[in-house]
Amino acid sequence: MIVTLYFSALLSSTVAWEGVRSVWSEGNPRNESGGGGGERCSCDAFLPGSTFPVGDLVVIEQTAVEISRELGLEMGKLGEYEIKVTEYEEKIVKLTAKIEKMEENPDGYSESEQNEIKIEIKQVEALIIDLQLSINGSTAVLKSLRVQITVMVETLNRLEKTYDKNLILVTRREYLKVQLQLEECERRHQELFYPNIGSCAHTGITKLSKPIVSQLNAHLNAGYKFGGWGKDSKPIPDRESMYWYSGYTSASIIDIRFYTNYKNLILRNHFQHHSLQTSWRGTGTNFIFRDNTLYYQINSPFGLAKLNFTTMAYESRVIPKASSGFSYAYFSGQNFDFAADETGLWVTYATQQSAGRMVIAKINEASFGIEEEMETSIYKPGVSNAFMVCGTLYAVRTIDTVTEEIFYKYDTKTKEETYISIPFERFQEKYSNLHYNPADQKLYMYNDGYYVQYHLWFNHTAVATTTTAPQVLLT
C-alpha cells in the first residue's frame, strides 16, 4: 500500500510539472518592451509546493498494524480474566471454610496440616496478585493504545489539510478499523469489570463468554439433571447476594434451597429449605425467582403458579389458549417458560392456534395477569430454550454436541423479528433451565446437574432506549 501511495505522490508531482510545460508552450504570451528593443515572453508556472511526506504514512500504517495486533491479544485476555475471577473466588471460599474449621479446633490439626494451609494461602495470594497485575496491565495497554490512536488521527488530519486527501484515504480506512477495534475492546473491558446494570442503551447481545462452571449441584448427584439455579432478579432488601437452587431426577419442582451468598452456595450451606405443598408441586424446569417469589408451571390446573416467600401464599393463573402439546427440544413438559429482564416479567408458550409457534406474554406482576401477547414465527419444539433481555426474546438451538446458538430474536417494542447467529459453548450435553438475570446481566444455565453461567456483551454502537435500572448492584 505504501508503495502505491509513494508512486501516487510522484504521479501528482509529474502531473503538476506537465501542467507547467503545457502552460509554457500553449499559454498566451504577454509582450513587454525590453531595453534592447526586442520582445520578452512571460507566462505563469504552477509548481508543486512541497513533496508528499510518504514517511509519515509509513509510520501511521506500521502503528495501525501493531495496535491491531495488541488489541487482538487484549480481547483474548478478557475472557480469561472472567474465568480466572470465578475460579479464584471458589478457591478463596473453600480455603476460608478450611481456616474457619481450623480456628474452631486449632489443637486438632498437626503442624504439617497447618503448614499446608499456609502454603495454600500463599498460593491463592500469588494468583490474585498476578491477576491484578494482568488486569492493571491491560488497562494501561488500552490507555497507551488510545494515546497512539490520538496521535494517528492528528497526523492524518494534518496531512489532509496540507495535501491531496485522495492520497491518504486508504490509510484513513485502516485507522478507522483500528479505532473500532479499540472501542470494542474498551467496551468489553468496561462491561466485564464495570457493568452498567439495568441499562438497555444497546441494540442487543453480540457475544457470550465461555461457560463458567461453578460446581455440581447441592445433592452432589449428576442424576439430578432437571432443575435450575441463580439469583433473585429483583431482590428484596438484605437478599441482594442470595442464591437459590432446585433440582430433581425428573422435570418437576418439589422443593427449593436458598443460600445467603455465593460462598454458601459453593459450600452447600443453605439457610432455608422449603418443600412445596403436595397439591402445588410444579412440572417443567423453566422456573425463575423474582421479588422473593417463585414462578413456575403447574399441571393441576395446567397453567402458571407462584409462591410468594414473603407472605407464603400460593396463586395460579390459567391461560386458556396455552397448549401442553408443545415443549422445548430437550425435554417434555417445558410448556411454560418464565423470564425476567429490565422491563419486567414474561412467560412464553405455544398454542394450537399458533400451530406450535412461540407466543410471548407480558405478565402484570401485581395482578399475575397477562397484559399483552405476541406471536412469533419460530416453532417451539425446534428451540432448545429462550430468554428475555431488555424486552427482546432470544431463542436458542443446538448446533452440535458442544455448541449452542442464539439464532433468533424478537423485539417486543417494535414487533420486529430477526434471524441472527451467536454461537456459544456448552459444558455438558443437555440443559433444562436457561434464564437471564437483569440484576447482574448474566445468563444462568442448569447443565446436566451443574451450575453454569455466562457473561454477556452488548452492542453499544447504536442509539437504543434506556429503562429504569434496579436500585442495587449485586456483587
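Begin by selecting β10 (282-290) and β22 (433-437), since each of these strands supplies at least two residues of the lining of the largest cavity. Keep in mind throughout that this is a predicted model.

**Stop 1: the cavity**

The structure holds 1 cavity of 30 Å³ or more, and the volume of the largest cavity is about 40 Å³. To see what surrounds it, select Lys231, Ser233, Ile288, Phe289, Ala340, His435, Tyr436 and Asn437, which line the largest cavity. If you colour these residues by type, the lining divides into 4 nonpolar, 3 polar and 1 charged. Which strand gives the most to this lining? It is β22, with 3 residues.

**Stop 2: the largest nonpolar core**

In soluble globular proteins, nonpolar side chains tend to be buried together. For the example in this model, select Ile205, Leu208, Phe387, Val389, Ile406 and Leu443, which touch the most other members among the 23 residues of the largest nonpolar core. The strands that each supply at least two residues of this core are β3 (205-208), β18 (385-389), β19 (392-398), β21 (416-425), β22, β23 (442-447) and β24 (450-458), and of the strands it is β24 that gives the most, with 4 residues.

Stay here and centre the view on valine 389, then show the residues around it. Leaving aside residues up to four places away in sequence, valine 389 touches His202, Ile205, Asp341, Glu342, Tyr394, Tyr436 and Phe458. One of these neighbours, Tyr436, you have already met in the lining of the largest cavity, while another, Ile205, was on the list you selected for the core.

**Stop 3: an open sheet**

Return to β10 and widen the selection to its sheet, an open one of 5 strands in the order β7-β10-β11-β12-β13, with antiparallel pairing. Why is one side of β7 (252-253) and of β13 (313-317) left without a neighbour in the sheet? These two strands stand at the edges and each has a single partner strand, so there is no neighbour in the sheet on the other side. At the β7 edge, look for the 2 bridges that join β7 to β10, the two strands running antiparallel; here serine 252 stands opposite threonine 283 in β10.

Now follow the loop between β11 (293-299) and β12 (302-308), where you will find proline 301. A cis peptide bond joins serine 300 and proline 301, with omega at about 0°. This is worth pausing over, as most peptide bonds are trans.

**Stop 4: a hairpin and its approach**

Select residues 357-364 and 369-379, which are strands β16 and β17, paired in the antiparallel sense over 7 bridges. Valine 359 has glutamate 375 in β17 as its bridge partner. The two strands form a hairpin with 4 residues between them, and in the turn phenylalanine 368 has a positive phi of about 60°.

Moving back along the chain, select alanine 355, which lies in the loop between β15 (344-350) and β16. Alanine 355 also has a positive phi of about 60°, although it is not a glycine.

**Stop 5: two residues to compare**

Finally, select glutamine 441, in the loop between β22 and β23, where phi is positive at about 55° although the residue is not a glycine. Most residues other than glycine have a negative phi. Are glutamine 441 and alanine 355 buried or partly exposed? Glutamine 441 counts as buried because its relative accessibility is 5%, whereas alanine 355, at 44% relative accessibility, counts as partly exposed.

Notes:
Residues numbered from 1 in each chain as written. Predicted model: local features only at pLDDT ≥ 70, side-chain atom pairs only at ≥ 80, totals over all residues. Heavy atoms only, no water. 1 Å grid on protein atoms, 1.4 Å probe; cavity = no way out; pocket = protein on both sides within 12 Å on 5 of 7 lines; lining within 4 Å. Points joined across faces, edges and corners; volume = space filled by probe spheres on them. Nonpolar A, V, L, I, M, F, W, Y, C, P; charged D, E, K, R; others polar. Core = buried A, V, L, I, M, F, W, Y, C linked by side-chain atoms within 4.5 Å. Buried < 20%, exposed > 50% of the residue type's maximum accessible area, 1.4 Å probe, protein only. Contact = heavy atoms within 4.5 Å. Pairing = 2+ DSSP bridges.
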